[in-house]
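User: I am new to this structure. Please pick one part, take me through it closely, and keep the sentences short.

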Amino acid sequence: MSSVNAMAPDSLSIQDQRTGKNYTVPVEGDHIRAAQLEQIVKTEGAPGLVSYDPGLINTAICKSTITYIDGEKGILRYRGYPIEELAEKKSYLEVAYLLIHGELPSPSDLAEWQHNITFHTLIHENLKVFMSGFRYDAHPMGILVGTLGALSTFYPDAKNVKDTASRRLQIYRLIAKIPTIAAFAYRHSQGWAYIDPSNDLSYAENFLSITFRPSISSRYEVHPELARALDVLFVLHADHEQNCSTSAMRAVGSSLADPFSCAAAAAAALYGPLHGGANEAVVRMLEEIGSVDKIPAIIQEVKAGKRRLMGFGHRVYRNYDPRAKIIKRMADKVFEITGMNPLLHVALELERIALSDEYFISRHLYPNVDFYSGIIYQSMGFPTDMFPVLFAIPRMSGWLAQWQEGVTDPEQRIVRPKQVYLGPGERHLP
Ligand code: CMC
């Protein structure tokens, strides 16, 4: 590049006012390559210009064909299909196949996929021993993070990340085993014996069964409508392009670490209250508010910058979160079966007041996916601690689709961002 070429099509002309020099940077589609900025220097031999972007709010870290979001219009699509259509017509496992393979499965592809997922749900007996070592009150998300990392030691073949067959096998294992680990994390907190998965149940039914069935000898009928509701929640959470946990998955994957280690890192990122931990934080906040008459005081605290309204706001969606719309409608169906959750009244009133307040309107703060999901999970009988784990189960397919895309991308290099150094210059010990 460099030199003056203001007429070049599909290019960006930059004039550096510090030096008076002109540069022409090629524009590819709707992006420039940040490395092109490196040649812009103040003086000969000085470090090149970098773009400073805390939170990576305007930096694309990859090219992807998986998930499309238009935050202004409230659009979310997996491989081109609108989330509303997938949530209504497809099961979570079909959607997971779509994310991983790029196309929806044929009936025979689906049968094979379901078979392979179902027959990898068991976990090694030693992993059960490992899990039983956690303290009785361990947070299930901490258990999940630790156990996903431990899984890496059970499958050393997973290090062959450049091998297609090995990747496929690890994908089966991770999608299959995460509900088992999640259920065991819950059982651990209850002091219940672990129950092995049932191969004759669907993905969501099996998860509900091995979570809530008190013992191997007791009967537990999964309500089909609740299983379907959970499956829809899984579809809605399956992927969300380059969010914090997915970026962690890709970043760790860029060092060619095995996918179990990458998934542990992604789950750790999801644990935080600004990400997957938000659904848990929402319910704790609604419980703290308790009744609608306390809402105005909370809103004042939020507006004074003393706290955030959990379940509100999103980095990408500036008008509404399409997942929140689907979840809100689904909540009514769930409550018909489980009975009304009293927190719903507080949530609805909080939403009403916030959406008519200038503070929230001017900042484009709307309910996000986590605002209502926690109330549904609670009505289904899950303790608050389990909510981020319920987010992690379906997000595994998104993480894996993104990881696979990253490790097979010829342009992908190890993630190694730059910094703007503000520390002391060279100094010496006395
Ligand atoms: N309550 C009150 N004020 C808020 C909130 C909120 N939930 N979110 C953002 N703001 C304000 C913030 O104080 C700032 O105001 P000002 O310009 O006066 O300083 C402005 O809105 C912009 O906030 P930001 O922190 O720059 O926005 P961000 O894009 O960096 O953060 C977010 C996005 C989701 C982390 C944030 O909205 C938030 O903390 N929300 C609550 C946590 C939550 O619900 N997270 C779940 C996200 S959806 C599921 C997922 O993807 O994990």
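Analyst: Start at the ligand. One of its oxygen atoms is 3.0 Å from an N or O atom in the side chain of Arg363. A polar contact here is a pair of N or O atoms within 3.5 Å; within protein, one atom must be able to donate a hydrogen and the other to accept it, and residues adjacent in sequence count only if both atoms are side-chain atoms. Tyr359 offers a side-chain N or O atom 3.2 Å from a nitrogen of the ligand. With Leu274, a polar backbone atom is 3.2 Å from a ligand nitrogen. Taken alone, the ligand exposes 930 Å², and the protein buries 73% of that. Such areas come from the Shrake-Rupley method with a 1.4 Å probe; for residues, only the protein chains shown count as cover. There are 20 residues around the ligand, and those that come nearest are His275, Arg308, Leu309, Gly311 and Arg315. "Near" means that a heavy atom of the residue lies within 4 Å.

A word on the source. This is a predicted model, where local features need pLDDT of at least 70 and side-chain atom pairs count only at pLDDT 80 or more, while totals for chains, interfaces and linings use all residues. Residues are numbered from 1 along each chain as its sequence is written, and side-chain values use heavy atoms, with hydrogens and water left out.

Now to the sheet. It is open, has 3 strands in the order S3-S4-S5, and pairs antiparallel. S3 and S5 are the edge strands, each with a single partner, so one side of each has no neighbour in the sheet. Strands (E, at least two residues) and helices (H or I, at least four) are DSSP runs, numbered from the N terminus. Two strands pair if DSSP finds at least two bridges between them.

S3 (residues 67-70) is joined to S4 by 4 bridges. Tyr68 has Arg77 of S4 as its bridge partner. The hairpin of S3 and S4 has 4 residues between the strands, and Gly74 there takes a positive phi near 70°. S4 also pairs with S5 (residues 81-82) over 2 bridges. Arg77 meets Pro82 in S5, and Tyr78 stands opposite Tyr81. Between S4 and S5 the hairpin has 2 residues, and Arg79 takes a positive phi near 50°.

In a regular strand the side chains alternate between the two faces of the sheet. S4 (residues 75-78) has Leu76 and Tyr78 on its covered face, and Ile75 and Arg77 on the uncovered one.

Before S3 comes a loop from strand S2 (21-26), and Tyr52 is found there. Tyr52 counts as exposed because its relative accessibility is 66%. The classes are buried under 20%, exposed over 50%, and partly exposed in between (1.4 Å probe, protein chains only). Tyr52 joins Val50, Val420 and Leu422 in a nonpolar surface patch of about 460 Å².

Thr118 takes us elsewhere. Its C-alpha atom is 48 Å from that of Val50, and the two are 68 residues apart along the chain. Thr118 lies in helix H3 (residues 107-118) and counts as buried because its relative accessible area is 18%. A polar side-chain atom of Thr118 lies 2.5 Å from the backbone oxygen of Gln114.

Last comes His139, in the loop between helix H4 (125-132) and helix H5 (140-154). His139 is buried, at 18% relative accessibility. A polar atom of its side chain lies 3.0 Å from the backbone nitrogen of Met141.

Notes. Patch = residues over 30% accessible without salt bridge, like charges linked within 9 Å, V, L, I, M, F, W, Y side chains within 5 Å. Salt bridge = Lys/Arg side-chain N within 4 Å of Asp/Glu carboxyl O.
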